[in-house]
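Me: I should like to take a close look at a single part of this protein. Please describe how two of its helices pack together, and then follow a few residues in the surroundings of that packing.

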Amino acid sequence: MTRITISTLLAGFLLSVTATPVMAADMKAGKKKARACRTCHGIDGIARIPIAPHLAGESQVYIETQLKAFRNGKREHEMMTVVAEGLSDEDISDLAKWYSSIEITAKMPE
């Protein structure tokens, strides 16, 4: 085998071993689960209260990372820490898939 082929195979193997199961997320299930989030973040991902961030259009990986950080205590917030403790990895992936799938558009002022 050539050096390029071995490098390509090694890269493919490493990606398959280290990749997170983002592809397995279920957007429809995420929408249903987001009902519990709607009071603060909105079912559409647009925050309803000033201290909550908008989630619509955020990266799936970012949302998953933040929810897992709340769940394991790396990040703390009086409400989100409690909420995230009850979420499974599947719940987190589904919610992240739902909110990341919402498209946001912006209009620049003239």
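**The packing of α4 and α6**

Reply: In this predicted model, the elements of the protein chain, read from the N terminus, follow the order α-α-α-α-α-α. The chain therefore holds six helices and zero strands, by the DSSP assignment used here. Of its 110 residues, 30% are buried. Among the contacts with a separation of 6 or more, 58% join residues that lie 24 or more positions apart. The chain exposes about 8100 Å², and carbon and sulfur atoms supply 61% of that area.

The part to examine is the pair formed by helix α4, residues 60-72, and helix α6, residues 89-101. Their axes are 8 Å apart, and the two helices pack at an angle of about 140°. An angle over 145 degrees would count as roughly antiparallel, so α4 and α6 are described as oblique to each other. The crossing in which α4 passes α6 is right-handed. On the side of α4, the contact is made by Gln60, Ile63, Glu64, Leu67, Lys68 and Arg71. On the side of α6, Asp89, Ile92, Ser93, Leu95, Ala96, Lys97, Tyr99 and Ser100 take part. Sorted by class, the contact of α4 with α6 comprises six nonpolar, three polar and five charged residues.

Two of these residues lead to a further one, Leu55. With residues up to four places away in sequence left out, Leu55 touches His41, Gly45, Ile63 and Tyr99. Ile63 belongs to the α4 side of the helix contact and Tyr99 to the α6 side. Leu55 itself lies in the loop between α3, residues 38-41, and α4. Its relative accessibility is 15%, and because buried means under 20%, Leu55 counts as buried. Leu55 and Gly45 are ten residues apart in sequence, and their C-alpha atoms are 4.6 Å apart in space.

His41, one of the residues touched by Leu55, is placed in helix α3. With a relative accessible area of 9%, His41 is buried. Not counting residues up to four places away in sequence, His41 touches Ile46, Ala47, Ala52, Pro53, Leu55, Met80 and Tyr99. Tyr99 is thus touched by His41 and also by Leu55. From His41 to Ile51 there are ten residues in sequence and 9.8 Å in space, C-alpha to C-alpha.

Met80, which is touched by His41, also leads back to α4, through Phe70. This residue, Phe70, is in helix α4 and is buried, with a relative accessible area of 7%. Leaving aside neighbours within four places in sequence, Phe70 is in contact with Arg75, Glu76, His77, Met80, Thr81 and Ala84. Phe70 and Val83 are 13 residues apart in sequence, with 8.5 Å between their C-alpha atoms.

In summary, α4 meets α6 in a right-handed crossing, Leu55 touches Ile63 and Tyr99, and Met80 is in contact with Phe70 and with His41.

Definitions and conventions: Residues numbered from 1 in each chain as written. Predicted model: local features only at pLDDT ≥ 70, side-chain atom pairs only at ≥ 80, totals over all residues. Heavy atoms only, no water. Helix = DSSP H or I, 4+ residues; strand = E, 2+ residues; numbered from the N terminus. Buried < 20%, exposed > 50% of the residue type's maximum accessible area, 1.4 Å probe, protein only. Contact = heavy atoms within 4.5 Å. Areas by Shrake-Rupley, 256 points an atom, 1.4 Å probe, with all protein chains shown as cover. Axes fitted to C-alpha atoms, helices over the stretch in contact; angles between N-to-C directions. Parallel < 35°, antiparallel > 145°, perpendicular 65-115°, else oblique. Left-handed = near helix turned anticlockwise from the far one by under 90°. Nonpolar A, V, L, I, M, F, W, Y, C, P; charged D, E, K, R; others polar.
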